[in-house]
Amino acid sequence: MIAAMKRRKKKCRPADEGAYTCPTCGEQIVIPLDRSGGSDQQYVEDCPVCCNPNIVHVEFLEEGESPRVWADAE
Ligand SMILES: [Zn+2]
């Protein structure tokens with residue numbers, strides 16, 4: 001049997017989504033990205049898992065490459 005109904009795995013996420021690992025709880029947090037906000041972005045966002053504020057950094061690379069996303073504890 002061919003598993004034709006299988007959907008894409010998470011690794012193939014579209015370019016306008018990124019993920020960072022929360023420095024406090026270690027969970028992977030997926031966030032929407034907005035390329036129109038600039039190629040380097042930084043903002044504070046509360047972790048949806050542990051509620052600690054993280055400084056989220058987003059760096060857009062070349063077209064077709066996944067943006068770099070990482071976070072520091074505030
Ligand atoms: Zn967390």
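Which residues of S1 lie on its covered face, and which on its uncovered one? I would like to start there, because the covered face consists of Gly 18 and Tyr 20, while Glu 17, Ala 19 and Thr 21 make up the uncovered one.

Before going further, let me say that this is a predicted model, with an average pLDDT of 86 and with 80% of the residues scoring at least 70. Among the strands, confidence is lowest in S1, residues 17–21, at a mean of 94, and highest in S4, residues 53–59, at 97. The protein has 0 helices and 5 strands, and along the sequence this reads as β-β-β-β-β. Of the 74 residues, 12% are buried, and among the contacts with a separation of 6 or more, 34% join residues that are 24 or more positions apart.

Let me return to S1 and its partner. S1 runs antiparallel to strand S2, residues 28–32, and 5 bridges join the two, with Thr 21 standing opposite Gln 28 in S2. The hairpin that they form has 6 residues between the strands, and in it Gly 26 takes a positive phi near 80°.

Just ahead of this hairpin sits Asp 16, in the segment before S1. Is Asp 16 buried or exposed? With 10 other C-beta atoms within 10 Å, Asp 16 is exposed, and yet, neighbours within four places in sequence left aside, it is in contact with Pro 32, Leu 33 and Arg 35. As for Pro 32, the two C-alpha atoms are 6.1 Å apart in space, although Asp 16 and Pro 32 are 16 residues apart in sequence.

Within S1 itself, Ala 19 is a useful residue to look at next. Ala 19 is partly exposed, because 15 other C-beta atoms lie within 10 Å, where 20 or more would make it buried and 12 or fewer would make it exposed. Beyond its neighbours within four places in sequence, Ala 19 is in contact with Gln 28, Ile 29, Val 30 and Val 69. Ala 19 can also be set against Ala 71, which is 52 residues away in sequence but 9.5 Å away in space, C-alpha to C-alpha.

Now to the other strands, where S3, S4 and S5 form an open sheet of 3 strands, in the order S3-S4-S5 and with antiparallel pairing. S3 and S5 stand at the edges and each has a single partner strand, so one side of each is left without a neighbour in the sheet. From one strand to the next, the twist averages 25°.

Taking the two pairings in turn, S3 and S4 are antiparallel over 7 bridges, and here Gln 42 stands opposite His 57 in S4, while Asp 46 stands opposite Pro 53 in S4. S4 and S5 are likewise antiparallel, over 6 bridges, and in that pair Val 58 stands opposite Val 69 in S5.

The turn between S3 and S4 deserves a moment of attention. These two strands form a hairpin with 6 residues between them, and Cys 51 in the turn has a positive phi of about 70°. That is worth noting, because most residues other than glycine have a negative phi. Cys 51 is also exposed, because its count is 9 other C-beta atoms within 10 Å, and 12 or fewer is the cut-off for that class.

What do the two faces of S4 look like? The side chains alternate along the strand, so that Asn 54, Val 56 and Val 58 point to one face and are buried, whereas Pro 53, Ile 55, His 57 and Glu 59 point to the other and are not.

This leads to the interior. The largest nonpolar core has 7 residues in all, namely Tyr 20, Leu 33, Val 56, Val 58, Phe 60, Val 69 and Ala 71, and S4 and strand S5, residues 68–73, each supply at least two of them. In soluble globular proteins, nonpolar side chains tend to be buried together.

I will finish with Tyr 20, which brings us back to the covered face of S1. Leaving aside its neighbours within four places in sequence, Tyr 20 is in contact with Ile 29, Val 56, Val 69, Trp 70 and Ala 71, and of these contacts Val 56, Val 69 and Ala 71 are also named among the members of the largest nonpolar core.

Definitions and conventions:
Residues numbered from 1 in each chain as written. pLDDT = per-residue confidence, 0-100. Helix = DSSP H or I, 4+ residues; strand = E, 2+ residues; numbered from the N terminus. Contact = placed C-beta atoms within 7 Å. Core = buried A, V, L, I, M, F, W, Y, C linked by C-beta atoms within 7 Å. Pairing = 2+ DSSP bridges. Axes fitted to C-alpha atoms, helices over the stretch in contact; angles between N-to-C directions.
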